[in-house]
Protein chains: 2
Amino acid sequence: MKHRRNTTATAEILNLLSQSKTALSHANIQQSLDGLCNRVTIYRVLDRLTEDGVVHKIVNIDGVVVYAICHTCTSKEHHHNHLHFSCEKCHAVTCLDNIEPSFKLPKKYKVNHVNFTVSGICPLCC
Amino acid sequence: MKHRRNTTATAEILNLLSQSKTALSHANIQQSLDGLCNRVTIYRVLDRLTEDGVVHKIVNIDGVVVYAICHTCTSKEHHHNHLHFSCEKCHAVTCLDNIEPSFKLPKKYKVNHVNFTVSGICPLCC
DNA sequence: CTATATTTGCAACAATAGTGCAAAAACAAA
DNA sequence: TTTGTTTTTGCACTATTGTTGCAAATATAG
Ligand SMILES: [Mn+2]
Ligand SMILES: [Mn+2]
Ligand SMILES: [Zn+2]
Ligand SMILES: [Zn+2]
């Protein structure tokens, strides 16, 4: 693995994601950082964090990409089978780390990644 | 519901989607139609078909939007809980209409839509 | 055939993401 | 602390995908 440097951009983005109870989009992060770094840097930092398994990337039900800290992953064992809930009212995207949908595929299929997203109204909005 | 007219663009796009065993992207359709109509028209036809519940829109695991004929839907009862498989080799996106992942959410959540996509290697490529 | 509502094409716009490259910054070794 | 190397950053540009306003064309009901 490539050596990573400790920069303010990375530290701040990681800080934001760590503090947040919900997954964050590039736009969310850019707004919060308020000019701390260039928008391209945010893309690149997020790519690196994803590559290193520090965060995971979620393609939301509406196609918007959001990022969230990996809670249950180790650097060797990645495990992103959990459900994501996207609130249609407050637009929060939440990792439901302990809810893992079950399904059975014919074994001719080899599964590498999953993306499970449901949308609706979250407990805070209902 | 608004009245729909029978145009060549709509007929051809519907034909493509009906014939296809896999879900098609706007780009796929544009290529197949080979100039039959403007690219904006394709977007608009797909929007109308989706609105009318003739096709359903799938946000693939990589964020690319694809469309597929609704097989199990009636105009009043829509039901898109099935799994979608996205092959990393041949890039085919397939509706697995009879595979419906099961999951249990705390009942404080109200679910309106779901999107279940898995990627890997399909039976044809393995 | 005519009147009307829908559909289309075009050109322009908008939003989001990716690239090449030179400058800046981080870090390790001296 | 200084130096040398590699990573990271900002900038300007490009790419991709989808949307909009509007006038012209077309489908359909009567
Ligand atoms: Mn998650
Ligand atoms: Mn489907
Ligand atoms: Zn909410
Ligand atoms: Zn395949």
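## A contact to start with

Which phosphate oxygen contact does the side chain of Thr7(B) make with DNA strand C? A polar atom of the Thr7(B) side chain sits 2.7 Å from a phosphate oxygen of that strand. Please keep in mind that the model is predicted. With that said, let us walk through the DNA contacts, then the metal sites, and finally the sheet.

## Around DNA strand C

DNA strand C is surrounded by 20 residues, and the closest of them are Arg39(A), Tyr43(A), Arg5(B), Thr41(B) and Arg44(B). One of these, Arg44(B), places a polar side-chain atom 2.6 Å from a base oxygen of DNA strand C. Arg48(B) turns to the backbone of the DNA instead: an N or O atom in its side chain is 2.7 Å from a phosphate oxygen of DNA strand C. Two elements give two or more residues each to the surface near this strand, namely α3 of chain A and α3 of chain B. The most comes from α3(B), with six residues.

What classes of residue make up the surface near DNA strand C? Nine are charged, six are nonpolar and five are polar. On the DNA side, sugar or phosphate provides 57% of the atoms of DNA strand C within 4 Å of the protein, and bases provide the rest.

## Around DNA strand D

Now for the other DNA strand. Of the 21 residues around DNA strand D, those that come nearest are Arg5(A), Thr41(A), Arg44(A), Arg48(A) and Tyr43(B). Sugar and phosphate make up 60% of the atoms of DNA strand D that come within 4 Å of the protein. By class, the surface near DNA strand D holds nine charged, seven nonpolar and five polar residues.

Some individual contacts are worth finding in the structure. Thr41(A) has a polar side-chain atom 2.4 Å from a phosphate oxygen of DNA strand D. Asn38(A) uses its backbone, with an N or O atom 2.7 Å from a phosphate oxygen of DNA strand D. From the other chain, Arg39(B) brings a polar side-chain atom to 3.0 Å from a base oxygen of DNA strand D. The elements with two or more residues on this surface are α3 (39-51) of chain A and α3 (39-51) of chain B. Here α3(A) supplies the largest share, six residues.

## The zinc sites

Which residues hold the zinc ion (ligand 3)? Its protein donors are the SG atoms of Cys87(A), Cys90(A), Cys122(A) and Cys125(A), at 2.2 to 2.3 Å. The arrangement is tetrahedral because the four donor atoms subtend angles of 106 to 115° around the zinc ion (ligand 3). Along the chain, the donors follow the spacing C-x2-C-x31-C-x2-C. Cys87(A) lies in strand β4 of chain A and Cys125(A) in the segment after β6 (110-121) of chain A, so this pair ties together parts that are 38 residues apart in sequence.

In chain B, the zinc ion (ligand 4) has the SG atoms of Cys87(B), Cys90(B), Cys122(B) and Cys125(B) as protein donors, lying 2.2 to 2.4 Å from it. The site of the zinc ion (ligand 4) is tetrahedral, with angles of 106 to 116° among its four donor atoms. Distant parts of the chain are linked by Cys90(B), in the loop between β4 and β5 of chain B, and Cys125(B), in the segment after β6 (110-121) of chain B, 35 residues apart.

## The manganese site

The manganese ion (ligand 1) has the NE2 atoms of His56(A), His82(A) and His84(A) and the SG atom of Cys95(A) as protein donors, at 2.0 to 2.3 Å. In sequence these donor residues are spaced H-x25-H-x1-H-x10-C. His84(A), in strand β4 (residues 83-87) of chain A, and Cys95(A), in strand β5 of chain A, are eleven residues apart.

## A sheet built from both chains

Six strands form an open sheet with mixed pairing, in the order β5(A)-β4(A)-β6(A)-β6(B)-β4(B)-β5(B). Its edge strands are β5 (93-96) of chain A and β5 (93-96) of chain B, each paired on one side only. Neighbouring strands are turned by 25° against each other on average, direction ignored.

In chain A, β4(A) and β5(A) pair in the antiparallel sense over four bridges. Phe85(A) stands opposite Thr94(A) in β5(A). Their hairpin has five residues between the strands, and His91(A) takes a positive phi near 65° there. In chain B, four bridges join β4 (residues 83-87) to β5(B), and these strands run antiparallel. Ser86(B) has Val93(B) in β5(B) as its bridge partner.

Methods. Residues numbered from 1 in each chain as written. Chains lettered and ligands numbered in written order. Predicted model: local features only at pLDDT ≥ 70, side-chain atom pairs only at ≥ 80, totals over all residues. Heavy atoms only, no water. Pairing = 2+ DSSP bridges. Axes fitted to C-alpha atoms, helices over the stretch in contact; angles between N-to-C directions. Near = heavy atom within 4 Å. Polar contact = N/O pair within 3.5 Å; in protein donor to acceptor, adjacent residues only side chain to side chain. Nonpolar A, V, L, I, M, F, W, Y, C, P; charged D, E, K, R; others polar. Donors = N, O, S within 2.8 Å, 3.2 Å for Na, K, Ca; no water. Tetrahedral: all angles 85-135°; square planar, octahedral: opposite > 155°, others 65-115°.
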